[in-house]
Amino acid sequence: MNLLQYYLIFGIITNILYFLTTWKLFQKAGRKAWESLIPVYNLLVTIKIIHRPWWWIFIVFIPIVGPIMTIIILVDFISHYNRRSWMDALLVVLFSFIFLAYINYSPQTKYIGKIERKETLISAVLFAVIFATVIHTFIIQPFTIPTGSMERTLLVGDFLFVNKIKYGIRLPMTPVALPFLQNKIPLGDSSKPQHQTNSYIDNIRLPYFRLPGWTDVKRGDIVVFNYPTDSLHTAIDRKDPYVKRAVGVPGDILEIKDANLYVNGKPENIKKDEEQQRRYNVYTNESGISPKKIDDLLGYAPYFETQSEIRDKRKYTFEGLTTENLNLIKNLNTVDSVAQDIAKVGVQDLRINAYGKIDSAQSIFPITKHWNRSQYGPIQIPRKGDVIHLNHENIEQYRDIITRYENNDLKIVGNQFYINGTPTDNYTIKQNYYWMMGDNRDNSLDSRYFGYVPENHIIGSPVFTWLSIQGLFENTFKTPSGEKVDGYGHKAKFKIRWDRMFKIPNTDTLPKDKTSYLPYFIVLLIAYFSYDYFKKKKKKKLKNQ
């Protein structure tokens, strides 16, 4: 059976149980017994019985907030039959139909009519949660930059608001979940998320559906998306969120030569506010560079010192430097030479895990190609409707598309491919795909490692940075051989970066020319609190008259 059939059966069973456990309650409220049997209409009547606005019915069918609203309605419903204690509320939440049946068939049950309601802290919090969840789920979602893959365009410790309307609102695919949590309940060891409890019910899923947006993903956009090859979560909307730049859109051909990106045969178009970083080896005399000097010069720049292959020289490998910061380093009187760290042609970037197998999550995509972060492609980004001729050379390039992203069964028997049991050498792409890369080009886990990003994984685009704190996260990075580094500058000093707050990415203007909306926000706050103060003062004055 397909997903729709399961939901239909579930809806029929639930509706029958609701009828069997509430029909007498409907009668006692002056309604007809049959009204508790008609789907949706019975819910509308329930809302009328508890004297709530009719439009509440729409909230019930909103994913994530719907279950919360259902609980509110059930608790309110039984309170109209004089079941108003904490224990009653708990019982109807935990044992809904059983407790409803007990009340329904109890001869002592009476409908007490309209009750006087007092707004309590709990009710205020519940409705605030519903409102905030709707905003968070469908309109704007806060997002934090925990890693340095987009440095220096976006910094570790930047807090962003993500616009979820721009590319079209994607309806949640896991409708029963705790509000505001992406995929895990933050209890236990955060370094072992596989041992934490999911914040959603994985067995209840809705099909993918996206409302129309006002634009498609454009080449050069900074995009927030769900990590496609997440091994802990298969529900698309519950995979970890990543932020990268869309350097390739459907149909584009990409190639990286000596760490330089080419799109459709031309050098990439670098946005004015795109502060790309590259890895450099810096050679100095025996005096070297002091950590304080680097902090004073660059603010924060992860680096480590290694054994120099040149006699009487010291070698520093900087994880990433912008062109501007590179020139500052070059001008130091102890620096002799600087060389960009570029991987060689034909050297495949593969990682081996503790079990002696290829770690596909950390290895170059696809693993059958002798490519690396600096020498990559050419590779074409699939477009909806493209027909791919499959062979043993390209199957690893399209395996995830066929199986993981478009839900087909793929089997290979000898030289023959079977898709959903049918022998074929061709496959038609069902959705658009994108190529995402970090602006910190030599320290970014991006499409060079996890491959294509499906359209149904797109979340939205950053609106603005509302807070920026340096030193909140450890900016870990790896050497070219894949080892984690704990060298100088590993942990940035704690400070609030006021100059980054309330500025908008994706403006294609120079960083120094970006407008800060912080003064406007402060004015709005002052206006709001002033209005609230005088409103309360006026209300108090009228009350005392």
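User: Buried means under 20% relative accessible area, exposed over 50% and partly exposed in between (1.4 Å probe, protein chains only). What percentage of the 545 residues in the chain is buried?

Analyst: This is a predicted model, in which local features need pLDDT of at least 70 and side-chain atom pairs count only at pLDDT 80 or more, while totals for chains, interfaces and linings use all residues. Residues are numbered from 1 along each chain as its sequence is written, and side-chain values use heavy atoms, with hydrogens and water left out. The C-alpha trace of the chain spans about 95 × 75 × 40 Å along its principal axes. Of the 545 residues in the chain, the buried share is 45%.

User: How many helices and strands does the chain have?

Analyst: Helices (H or I, at least four residues) and strands (E, at least two) are DSSP runs, numbered from the N terminus. On that basis the chain has 12 helices and 21 strands.

User: Which residues of strand β3 are buried on each of its two faces?

Analyst: Strand β3 covers residues 222-226 and is mostly covered, with five of its five residues buried. Val223 and Phe225 are buried on one side, and on the other side the buried residues are Ile222, Val224 and Asn226.

User: Which residue of β20 stands opposite Phe225?

Analyst: Two strands pair if DSSP finds at least two bridges between them. Strand β3 runs antiparallel to strand β4 (residues 241-248), to which five bridges join it, and in β4 the residue opposite Phe225 is Tyr242. Strand β3 also pairs in the antiparallel sense with strand β20 (residues 458-470), over two bridges. The residue of β20 that stands opposite Phe225 is Ile458.

User: How far apart along the chain are Phe159 and Trp466?

Analyst: Rings of Phe, Tyr and Trp (its six-membered ring) pair if their centres lie within 6.5 Å, with planes under 30 degrees apart counted as stacked, over 60 as edge-to-face and the rest as tilted; the count by this rule is 32 aromatic pairs. Phe159 and Trp466 have ring centres 5.6 Å apart and planes at 65°, so this pair is edge-to-face. The pair links strand β2 (residues 158-163), which holds Phe159, with strand β20, which holds Trp466, and the two residues are apart by 307 residues.

User: Is Trp466 buried or partly exposed?

Analyst: Its partner Phe159 has 15% relative accessibility and therefore counts as buried. Trp466 has a relative accessible area of 29%, so the class of Trp466 is partly exposed.

User: Which helix holds Phe450, the partner of Tyr242?

Analyst: Tyr242 and Phe450 form an edge-to-face aromatic pair, with 6.2 Å from centre to centre and 80° between the planes. Phe450 has a relative accessible area of 3% and is therefore buried. Because Tyr242 lies in strand β4, the pair ties together parts that are 208 residues apart in sequence, and the helix that holds Phe450 (residues 447-450) is α11.

User: Where is Pro366 found?

Analyst: Phe365 is one of the residues that ring pairs link into a cluster, together with others including Trp371, Tyr376 and Tyr452. The peptide bond from Phe365 to Pro366 is cis, with omega near -15°. Pro366 is found in the loop between β11 (335-340) and β12 (376-380).

User: What is the relative accessibility of Phe502?

Analyst: Although Phe502 is not a glycine, its phi is positive, at about 60°. Phe502 has its place in the loop between β21 (495-496) and α12 (518-544). Phe502 counts as buried because its relative accessibility is 10%.
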